There are 2 protein chains.
Amino acid sequence: MSAKNQELSERKKLILKTLVEAHIEGGEPVGSKYIMQNNLLSCSSATIRNEMAELEQMGYLVQPHTSAGRVPSELGYRFYVDSLVEQYAKTSREVVQINQLLKAKMAEIDQILDTASRLASSMTNYTGIAIKPKASSVTMTKFEVVSIDEHTFAMLMITSAGTVKTKKVKILGEVREESLRRLAELFNGCLCGLSADMITLPIIMELENAMGEDAYLINPAVKSVYEVMNEIDGGEMRLSGINHLLKYPEYSDTQEFGQLLGTLESQDEILDLVSNSENDDINVLIGSESPVKVMNNSSLVFKPIKKNGRTIGVIGVLGPRRMNYKQVLQTIGEITESISSIIDGEAPINELAEKGEYHGGE
Amino acid sequence: MSAKNQELSERKKLILKTLVEAHIEGGEPVGSKYIMQNNLLSCSSATIRNEMAELEQMGYLVQPHTSAGRVPSELGYRFYVDSLVEQYAKTSREVVQINQLLKAKMAEIDQILDTASRLASSMTNYTGIAIKPKASSVTMTKFEVVSIDEHTFAMLMITSAGTVKTKKVKILGEVREESLRRLAELFNGCLCGLSADMITLPIIMELENAMGEDAYLINPAVKSVYEVMNEIDGGEMRLSGINHLLKYPEYSDTQEFGQLLGTLESQDEILDLVSNSENDDINVLIGSESPVKVMNNSSLVFKPIKKNGRTIGVIGVLGPRRMNYKQVLQTIGEITESISSIIDGEAPINELAEKGEYHGGE
DNA sequence: TTTAGCACTCGATAATTTCAAGTGCTAAAA
DNA sequence: TTTTAGCACTTGAAATTATCGAGTGCTAAA
């Protein structure tokens, strides 16, 4: 691909860039005349026409029909984006704003992601996506059991990812405090560090033996553990600002938009797509570069958020192929950075956020 | 309103009913000829035309233009729905199915509602809505504190609604087990049964005094309590199957649909609407009966779910004005009933669901 | 009170025309 | 060799017109 880029003369690059940006702006095919006017180069529309004809032959542009201007092809967008990625800068002022917003809403990762999705949407005017990806191996690091009433108790579990989960468990028989204490002790001793598929029947039976007459507690309790593991494992996705998309004429085909919506809602395809990405930096999928069919007229920009080398979330933006890549790349970069700094930095965010004592430090 | 119904002759009722159902089915204006064919009455189209003209004058029907058939007005739908409400029956077979689906996904109310929303959507082919309404006064009934690492601990709270909530709290200084135990004790003693606005500064200061040298724990801990109360209080809404709506031509205006989507996403208007409803049975808002402007071309059917007299959730369906009220009323009724029976019945759902040992009771 | 018959209405669809933006190409200019 | 002005040509979008038929209201007879 970069080999091809070499072939482009500076003038072609400038024309391509101008055209892409004009099309992103207006959404309609761009003609030679327009480019002549909004371009630093001093040459006539005829010259530009010739260049455009060549750019089309090289695959960077597409002509919807003979008597129309030209539109960037996917290759054209790709070139534009690639030439952009190296150079997008951070406006530190905005970063601080994002930081503050996110910290105000601080909480567990789930809520941060949700807020971030809304943020991404409102800042870009496209659809924001926040994803908690499928994590293949969650384990528990600590158990605690609390009684609620005579038939119910709650299991509190701290996961290897550092999040806290609770499950309510109802039991036919009566629940005694003493039994619960033993249950917690037992789980802490036997189940910590085990992943879902390592909790096998023999282990469960062993637990039941150890519990003696209170063995009936084990089964529902273990089930809760399983459930929590699956919840975390399952991945989840939050969309916001879907309505923004409808402003763009590329989504005016109701049928098509409905399919897109359905796919987004069912989540699994996007989750797979994102989870399988190996690129830890910003990913940009332009049109048919995405394996998801209904997204072939859209572009998806996303970036994983890492903590200790593990992906704990993904923030992204979905919009028309002619999305404002410059802005989107920048926004996503800023947001993910903010989240990382909040999560990584072990600063007690609770207190800082509380009193607004944020001194601009990282 | 019921006075007006009296005025309708049996034949008019039958014609109205046939017309409404035909329009729900096909979405297009219904002519006298069609009604003549699909009607048990034996009279000519001319007679029906006369009746229809009268029905229009009475406000039950509307003519899009002179040379078209007729369409039910909101009053027409209202009459149809009202005459329906008394008589919709339960297909017990379906109830059992719903029960099983919900129990399989059993868990806290949040998850049940989410599942129910999906269920409502897939069963009706409209958009399913699940709402956790704004609850004005939540209190805590029990606190538990668990240490996570030297700077972090988790607060577990059981709310008056019976749900379990956790919050992670980070502290600048070090966290000692002993301090946490005292913190829990203190909170259980002083904060149980208090609503958010009853936790005043004097109380907090008293807590700080009681904690002595560990007073620095109080502030962030109390903040977590506040947060939990607000989270619960805040209300939340889950939509599913928005894409279904796009199948109906009444949502083909992209602009309008976008606005609807935006309103739905921002949640607050719908939350207000639902929270303020005083009708504990099934609510049916037809078109402009809803105070939300963008929903004036839609209908909203919803029903609160009660536990001990408190509304703990709302399940609903949003669709075009010509929604299939019969089916929707029935489905919503069934789903809410299922949820109620699961929540009310203190049966240990965990175990039943696990082994599929559901013997069709209830 | 019902019904057959008929003239009339009016939106939806199709067919047609108009318009202008934009192109490609050629020949002259740089 | 490269650039540019000029012009004929293409073609979709928008505007205009024609056609069609479902459905109506009304009248007069049953």
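A sugar or linking oxygen of DNA strand D lies 3.5 Å from a polar backbone atom of B:Ser67, a polar contact being a pair of N or O atoms within 3.5 Å (within protein, one atom must be able to donate a hydrogen and the other to accept it, and residues adjacent in sequence count only if both atoms are side-chain atoms). The model is predicted, so that local features need pLDDT of at least 70 and side-chain atom pairs count only at pLDDT 80 or more, whereas totals for chains, interfaces and linings use all residues. Residues are numbered from 1 along each chain as its sequence is written, chains are lettered from A and ligands numbered from 1 in the order in which they are written, and side-chain values use heavy atoms, with hydrogens and water left out.

Further polar contacts to DNA strand D involve chain A. A backbone N or O atom of A:Ser44 is placed 2.9 Å from a phosphate oxygen of this strand, and a side-chain N or O atom of A:Arg49 is 3.2 Å from a base oxygen. Around DNA strand D there are 20 residues, of which A:Ser44, A:Thr47, A:Ser67, B:Ser32 and B:Arg70 come nearest; a residue is near a strand if one of its heavy atoms lies within 4 Å of it. Sugar or phosphate accounts for 77% of the atoms of DNA strand D within 4 Å of the protein, and bases for the rest. The surface near DNA strand D comprises four nonpolar, 12 polar and four charged residues, where Ala, Val, Leu, Ile, Met, Phe, Trp, Tyr, Cys and Pro count as nonpolar, Asp, Glu, Lys and Arg as charged, and the others, Gly among them, as polar. At least two residues of this surface are supplied by each of α4 (45–57) of chain A and α4 (45–58) of chain B, and α4(A) gives the most, with four residues. Helices are DSSP runs (H or I, at least four residues), numbered from the N terminus.

DNA strand C is likewise surrounded by 20 residues, and A:Ser32, A:Arg70, B:Ser44, B:Thr47 and B:Ser67 come nearest. Here 75% of the strand atoms within 4 Å of the protein belong to sugar or phosphate. A phosphate oxygen of DNA strand C is 3.2 Å from a polar side-chain atom of B:Arg11, and a side-chain N or O atom of B:Thr66 also lies 3.2 Å from a phosphate oxygen of the strand. A base nitrogen of DNA strand C is 3.1 Å from a polar side-chain atom of A:Arg49. The largest share of the surface near DNA strand C, four residues, comes from α4(B).

Chain B is superposed on chain A with an RMSD of 0.2 Å by a turn of 180° and a shift of 0.1 Å along the axis, which is the relation of a two-fold axis. The fit is by least squares on the C-alpha atoms of residues with pLDDT of at least 70 in both copies. The same surface serves both copies, as 96% of the contact residues of chain B recur in chain A; contact means heavy atoms within 4.5 Å.

Within chain A, helices α8 (residues 177–190) and α9 (residues 201–211) pack at an angle of about 145°, with their axes 11 Å apart. Axes are lines fitted to C-alpha atoms, for helices over the stretch in contact, and angles run from 0 to 180 degrees between N-to-C directions. The contact joins A:Ser179, A:Arg182, A:Leu183, A:Leu186, A:Phe187 and A:Cys190 of α8(A) to A:Leu207, A:Ala210 and A:Met211 of α9(A). Seven of these residues are nonpolar, one is polar and one is charged.
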